[in-house]
Amino acid sequence: MSGRNLPTGRERAALVEEMFDRIAGRYELLNTVMTGGMHHLWNRKVIAAANLLPGDWVLDLACGTGSLTRDLARRVGPEGYVLGIDFSREMLRCAEAKPLPNVEYRHGDATDLREIRDAAFDAATIAYGARNIPDLDALFSGMSRVVRPGGRVVCLEIATPESRASQMFYGLWFDRAVPKLGARISGDPEAYTYLPESVKEFVAADDLSGIMERNGLQDVTYRRLAGGIITLHRGVRGL
Ligand SMILES: C[S@@+](CC[C@H](N)C(=O)[O-])C[C@H]1O[C@@H](n2cnc3c(N)ncnc32)[C@H](O)[C@@H]1O
């Protein structure tokens, strides 16, 4: 599969949905193994970037098994509310197995938020979901619309690092170790070959900022985490 161009549109969505349905049961274990547990730290960075307060309402798109969703829910507390949306029913089933009173999960497409009214949320997040979504304008225009003026939109994603040292680590880890480790633990070689490929095909960090800006977000900034293998973008809906 290496070097192929990933499909777009409905074909890509079907591939991604089926893939996450297959690996759902092992997804969180693999995340922990692949990041050495660092994903919890990165979740906290998302929460900080979203400027969340107790009582806030948050939309977590491509929520998967709810790893970030639960952390968001703890942050906004019992007066707050988090809605997680994902199109993989199996990922959602795993999420629903760990319920919290202020969290709701819904099956749906992150690029089609028609059922959500304008300005309903204080913040919208997406973690490791954007690189699976070819239509980033649809994604960010929706996120921008459903947060209130002054609301935050945050995107956490895996990236190709810039420094040579990180690139070397990245090449060994993501291109070689992750597909083997992922295949062994999940029993699904395709899924963990797709992961590094989807990262390589994803837009550059500056371009992602541009996409967020042209979809109604202001003060867009990003930072690189973990030696540049993760990027954290943040924008604010204008007043
Ligand atoms: C790598 S997982 C990330 C899960 C979670 N955000 C986390 O932090 O662990 C990516 C998730 O994105 C979901 N996804 C990809 N494209 C989507 C779309 N267009 N609409 C809804 N969910 C989508 C997949 O089903 C999968 O659960």
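Which residues, together with Glu-28, are linked in a network of salt bridges? In this predicted model, the partners are Arg-70 and Lys-98, which join Glu-28 in that network. The paragraphs below begin with this network and the other charged pairs, then turn to helix 3, the ligand and a few backbone details.

Within the network, the side chains of Glu-28 and Arg-70 form a salt bridge with an N to O distance of 3.1 Å. This pair brings together distant parts of the chain, with Glu-28 in helix 1 and Arg-70 in helix 3, 42 residues apart. The two ends of the bridge fall into separate exposure classes: Glu-28 has a relative accessible area of 22% and is therefore partly exposed, since buried means under 20%, while Arg-70, at 9%, counts as buried. In total, 13 salt bridges are counted in the model.

Another of these charged pairs is that of Glu-157 and Arg-131, whose closest N and O atoms are 2.7 Å apart. Glu-157 belongs to strand 5 (residues 147-158), and Arg-131 to the loop between strand 4 (121-127) and helix 5 (136-146), so this salt bridge ties together parts of the chain that are 26 residues apart in sequence. Are the two partners buried or exposed? Both Glu-157 and Arg-131 are buried.

Glu-162 and Arg-224 make a further salt bridge, with 3.4 Å between the closest N and O atoms. Glu-162 sits in the loop between strand 5 and helix 6 (164-186), whereas Arg-224 is part of strand 6 (residues 217-225), so the pair ties together parts that are 62 residues apart in sequence. Here Glu-162 is exposed, with a relative accessible area of 57%, and Arg-224 is partly exposed at 31%.

Helix 3, home of Arg-70, deserves a look of its own. How many of its ten residues are buried? Eight of them are, so the helix is mostly covered, buried here meaning under 20% relative accessible area. Besides Arg-70, the buried residues are Ser-67, Leu-68, Thr-69, Asp-71, Leu-72, Ala-73 and Val-76. The cover over these residues includes two helices, helix 1 and helix 2 (38-49). Strand 1 (57-61), strand 2 (81-86), strand 3 (103-107) and strand 4 also contribute to this cover. Just past the end of helix 3, Gly-77 adopts a positive phi of about 75 degrees.

Attention now moves to the ligand. A shell of 18 residues surrounds it, and the closest are Tyr-27, Ala-62, Asp-86, Ala-110 and Ala-127. By residue type, the shell divides into eleven nonpolar, five polar and two charged members. Helix 1 (residues 9-35) gives the most to this shell, with four residues.

Which backbone atoms lie close to nitrogen atoms of the ligand? For Ala-62, a backbone N or O atom is found 2.8 Å from a ligand nitrogen. The corresponding distance is 2.9 Å for Ala-127 and 3.2 Å for Phe-87. Of the 600 Å² of accessible area that the ligand has on its own, the protein covers 97%.

Ala-62 has a further feature to report, this time in its own backbone. Most residues other than glycine have a negative phi. Ala-62, by contrast, has a positive phi of about 50 degrees although it is not a glycine. This residue is placed in the loop between strand 1 and helix 3, and with a relative accessible area of 24% it is partly exposed. Ala-226 also shows a positive value for a residue other than glycine, its phi being near 55 degrees. Ala-226 lies in the loop between strand 6 and strand 7 (230-237) and is partly exposed, with a relative accessible area of 36%.

Finally, helix 1 returns to view through Asn-31, which is found in this helix. Asn-31 has a relative accessible area of 10%, so it counts as buried under the 20% limit. Leaving aside residues up to four places away in sequence, Asn-31 touches Gly-36 and His-39.

Conventions
Residues numbered from 1 in each chain as written. Predicted model: local features only at pLDDT ≥ 70, side-chain atom pairs only at ≥ 80, totals over all residues. Heavy atoms only, no water. Near = heavy atom within 4 Å. Polar contact = N/O pair within 3.5 Å; in protein donor to acceptor, adjacent residues only side chain to side chain. Areas by Shrake-Rupley, 256 points an atom, 1.4 Å probe, with all protein chains shown as cover. Nonpolar A, V, L, I, M, F, W, Y, C, P; charged D, E, K, R; others polar. Salt bridge = Lys/Arg side-chain N within 4 Å of Asp/Glu carboxyl O. Buried < 20%, exposed > 50% of the residue type's maximum accessible area, 1.4 Å probe, protein only. Contact = heavy atoms within 4.5 Å.
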